[in-house]
Every structure is written in structure tokens, then in C-alpha cells.
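Here is a short tour for anyone about to work with these coordinates. Have the viewer open and follow along.

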Amino acid sequence: MFLREISTACAKRPEFSLFVEPPSGHPEYLVAEIKLPGVSSSRSLVLDVGEDQLVLTALPSLYHLDVFHAFFVNQENSVAQYNKSTQVLTVTMPVVSSASSSY
């Protein structure tokens, strides 16, 4: 745990947006768009999609993002794509249910 804190201590929190698709009605997907200026390749990215959390680290210690969201997502069917020209990582996560729902 101590080593992880050192490796992300100098990292900046990247600009990001979270939105649902479709924008109205029952959400099918949660989409994250994360701006990563200076990242030339997806090979330097470490992404962990959790049930209700998204963790991204751009190595070496450029960016670190750890965010909880209000939806439960299907981790296995989530996909990520890095656009080198815009330097934006798009993560598309299928929504299972809202984290605030009680079933």
C-alpha cells in the first residue's frame, strides 16, 4: 500500500466526464471520457473497472483517477478505447442497475 501511495503522489487528477446513454430513460451504458494530454500510447495506462468504481493510472506517475459512480456496471463487458490524436480515453460500461436502487 505504501508503494502505491508513492507512485501516485506526484500524479495529477485528469479532466474527465461521466455520462449515461441514452440521456433519458433507463441508462444502458455509463461512459467515461478522460482527457490525458501528454499520453502518447495506451500502453502506459492501467485501468481497473470495478462494480461502482473506476481507477486509472497513467505511468510514470502522470495521472491518477479514482472515482466512485452511482451505477453498478458489468465489469467483464466494459470496453476502453484510447484515441492518440485527441488523447482521450473513452470507457464504455454496461449498466446493471443504479447503486442507489434497492432490489
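## The loop around Glu76

Glu76 sits in the loop that links β6 (71-73) to β7 (79-83). This is a predicted model, and in it Glu76 is exposed, with a relative accessible area of 66%. That value is over the 50% cut-off, so Glu76 is classed as exposed rather than partly exposed.

If you would like a distance to check in your viewer, try Glu76 and Pro94: their C-alpha atoms are 9.3 Å from each other, with these positions 18 residues apart along the chain.

## How far to trust the coordinates

Mean pLDDT for the chain is 88, and 86% of the residues reach 70 or more. Which elements mark the two ends of the confidence range? Helix α1 (residues 2-9) has the lowest mean pLDDT among the elements, at 48, while β2 has the highest, at 98.

Please take some care with residues 1-6, where pLDDT stays under 50. For this stretch the model has two contacts beyond four places in sequence. Where pLDDT is low, the predicted coordinates should not be read in detail.

## A three-stranded sheet

Three strands form an open sheet in the order β3-β4-β5, and their pairing is antiparallel. At the edges are β3 (45-49) and β5 (63-68), each of which pairs on one side only. From one strand to the next, the twist averages 5°. As a general reminder, strands of a sheet pair through backbone hydrogen bonds, either parallel or antiparallel.

The pairing can be followed residue by residue. β3 is joined to β4 (residues 53-58) by five bridges, and Asp48 has Val55 of β4 as its bridge partner. On the other side, six bridges connect β4 with β5, where Gln53 stands opposite Phe68.

## Thr57 and His64, a buried polar pair

Thr57 belongs to strand β4 and His64 to strand β5. Are these two residues buried or exposed? Relative accessibility is 12% for Thr57 and 17% for His64. The cut-off for buried is under 20%, so both Thr57 and His64 count as buried.

Their side chains make a polar contact with each other at 3.0 Å. Beyond its neighbours within four places in sequence, Thr57 is in contact with Ser44, Leu45, Val46, Tyr63 and His64. For anyone preparing this model for a calculation, this is a handy spot to look at side by side with the strand pairing.

## The turn between β4 and β5

β4 and β5 form a hairpin with four residues between them. Two backbone features can be found here. Pro60, in the loop between these strands, is joined to Leu59 by a cis peptide bond, with omega about -5°. Ser61, in that loop as well, has a positive phi near 50° although it is a residue other than glycine.

Ser61 counts as partly exposed, because its relative accessibility is 26% and partly exposed covers the range between the 20% and 50% cut-offs. Its C-alpha atom is separated by 4.7 Å from that of Ala11, a residue 50 places away along the chain.

## Other backbone points to check

A further cis peptide bond joins Glu21 and Pro22, with omega about -10°. Pro22 lies in the loop between β1 (16-21) and β2.

Gln87 has a positive phi of about 55° and is not a glycine. Its place is in the loop between β7 and β8, and at a relative accessible area of 25% it is partly exposed. For context, most residues other than glycine have a negative phi, and most peptide bonds are trans.

## The nonpolar core

The largest nonpolar core has 20 residues. Which of them touch the most other members? They are Ile34, Leu36, Leu45, Leu54, Leu89 and Met93. β2 (29-35), β3, β4, β5, β6 and β8 (88-98) each supply at least two residues of this core, and β8 gives the most, with four. In soluble globular proteins, nonpolar side chains tend to be buried together.

Met93 makes a good starting point for exploring this region. Leaving aside neighbours within four places in sequence, Met93 is in contact with Glu28, Tyr29, Leu30, Ala32, Val49, Leu54, Val73 and Ser78.

Methods. Residues are numbered from 1 along each chain as its sequence is written. This is a predicted model: local features need pLDDT of at least 70, side-chain atom pairs count only at pLDDT 80 or more; totals for chains, interfaces and linings use all residues. Side-chain values use heavy atoms; hydrogens and water are left out. Two strands pair if DSSP finds at least two bridges between them. Axes are lines fitted to C-alpha atoms, for helices over the stretch in contact, and angles run from 0 to 180 degrees between N-to-C directions. Buried means under 20% relative accessible area, exposed over 50%, partly exposed in between (1.4 Å probe, protein chains only). A polar contact is a pair of N or O atoms within 3.5 Å; within protein, one must be able to donate a hydrogen and the other to accept it, and residues adjacent in sequence count only if both atoms are side-chain atoms. Contact means heavy atoms within 4.5 Å. A nonpolar core is a set of buried Ala, Val, Leu, Ile, Met, Phe, Trp, Tyr and Cys residues joined through side-chain atoms within 4.5 Å. pLDDT is the predictor's confidence in each residue, from 0 to 100.
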